[in-house]
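The exercises below ask you to read a protein model with care, one step at a time. Try each task on your own before you turn to its solution.

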Amino acid sequence: EAMDNCLRHRAMRNAQVLFYFQKHAKERDDDGKRGMNAEQTLAMTSELAKHFELPHFVFGDIMFSYLNFDFTGDGLLNLAEARVMVKKTLLQRRVALAGPQDIEEDIPIRTLEDGGYSISRELGRGGP
């Protein structure tokens, strides 16, 4: 259930990833942006597991995952890569432990008007 809650509540999960990323990311990439090496990633995921009360093995093979989620190939995980790694690792573990299940994330849904947009002309309906 802790894993489902973590997957379901995206904003909470991302906030905690940000917190622990900032705590552990001590490296800098070529552009000067913060990143985590493998050891720092292991420390971050260990603390995340404790925070969310997840089993210790959830992020067990994180060193393998670390390589897969270094999309830029610079040897460091940036914040976006860390967020994706955490979410995908949780999803994989969830399926492995309890089978596939629809996990609905708390993604806000807004209309165009809620977002401050208005429709001036609809294309594809025909007419003037």
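**Exercise 1.** How many residues does H5 have, and what distance does H5 reach from its first C-alpha to its last?

*Solution.* Keep in mind from the start that this is a predicted model. Begin by counting: H5 has 20 residues. Next, take the distance from the first C-alpha of H5 to the last, which is 28 Å, and set it beside the 28 Å expected at 1.5 Å a residue; the two values are close. Then look at the two ends of the helix. At the N-terminal end, Asn78 acts as a cap, with a side-chain oxygen 3.1 Å from the backbone nitrogen of Ala80. Just after H5 comes Gly99, which takes a positive phi of about 85°.

**Exercise 2.** Which residues of H5 are buried, and what do the buried residues of H5 pack against?

*Solution.* First list the buried residues, which in H5 are Glu81, Ala82, Met85, Val86, Thr89, Leu90 and Arg94. Then follow their surroundings: the buried residues of H5 pack against helix H1 (2-8), helix H2 (10-24), helix H3 (38-51) and H4. To place this in the whole, note that the protein chain has 5 helices and 2 strands, and that they follow the pattern α-α-β-β-α-α-α along the sequence.

**Exercise 3.** Describe H3 by its span, its ends and its buried residues.

*Solution.* H3 has 14 residues and reaches 20 Å from its first C-alpha to its last, close to the 20 Å expected at 1.5 Å a residue. At the start of H3, a side-chain oxygen of Asn37 comes within 3.1 Å of the backbone nitrogen of Glu39, while after H3 there follows Glu53, with a positive phi near 55°. The buried residues of H3 are Ala38, Gln40, Thr41, Met44, Thr45, Leu48 and Ala49, and what covers them includes H2, strand E1 (27-28), strand E2 (34-35), H4 and H5.

**Exercise 4.** Is Asp70 buried or exposed, and which backbone nitrogens lie by its side chain?

*Solution.* Start with the location: Asp70 is in the loop between helix H4 (62-68) and helix H5 (79-98). Asp70 is buried and yet has no salt bridge, with the nearest side chain of opposite charge, Lys33, 13 Å away. Now turn to the backbone: a polar atom of the Asp70 side chain lies 3.4 Å from the backbone nitrogen of Asp74, and the backbone nitrogen of Gly75 lies 2.7 Å from a polar atom of that side chain. Finally, leaving aside neighbours within four places in sequence, Asp70 is in contact with Gly75, Leu76, Leu77 and Glu81.

**Exercise 5.** How many aromatic pairs are there, and why does the pair of Phe69 and Phe71 count as edge-to-face?

*Solution.* The count comes to 2 aromatic pairs. One of them joins Phe19 and Tyr20, which are edge-to-face at 4.9 Å centre to centre, with 80° between the planes. In the other pair, the rings of Phe69 and Phe71 have their centres 5.8 Å apart. Their planes stand at 70°, and planes over 60 degrees apart count as edge-to-face, so this pair is edge-to-face. As a last step, compare exposure within each pair: Phe19 is partly exposed, at 45% relative accessible area, whereas Tyr20 is buried, at 9%; Phe69 counts as buried, at 14%, whereas Phe71 is exposed, at 54%.

Technical notes: Residues numbered from 1 in each chain as written. Heavy atoms only, no water. Helix = DSSP H or I, 4+ residues; strand = E, 2+ residues; numbered from the N terminus. Buried < 20%, exposed > 50% of the residue type's maximum accessible area, 1.4 Å probe, protein only. Lys, Arg positive; Asp, Glu negative; His and termini not counted. Salt bridge = Lys/Arg side-chain N within 4 Å of Asp/Glu carboxyl O. Polar contact = N/O pair within 3.5 Å; in protein donor to acceptor, adjacent residues only side chain to side chain. Contact = heavy atoms within 4.5 Å. Expected span 1.5 Å × (residues − 1). Phe/Tyr/Trp six-rings, centres within 6.5 Å; stacked < 30°, edge-to-face > 60°.
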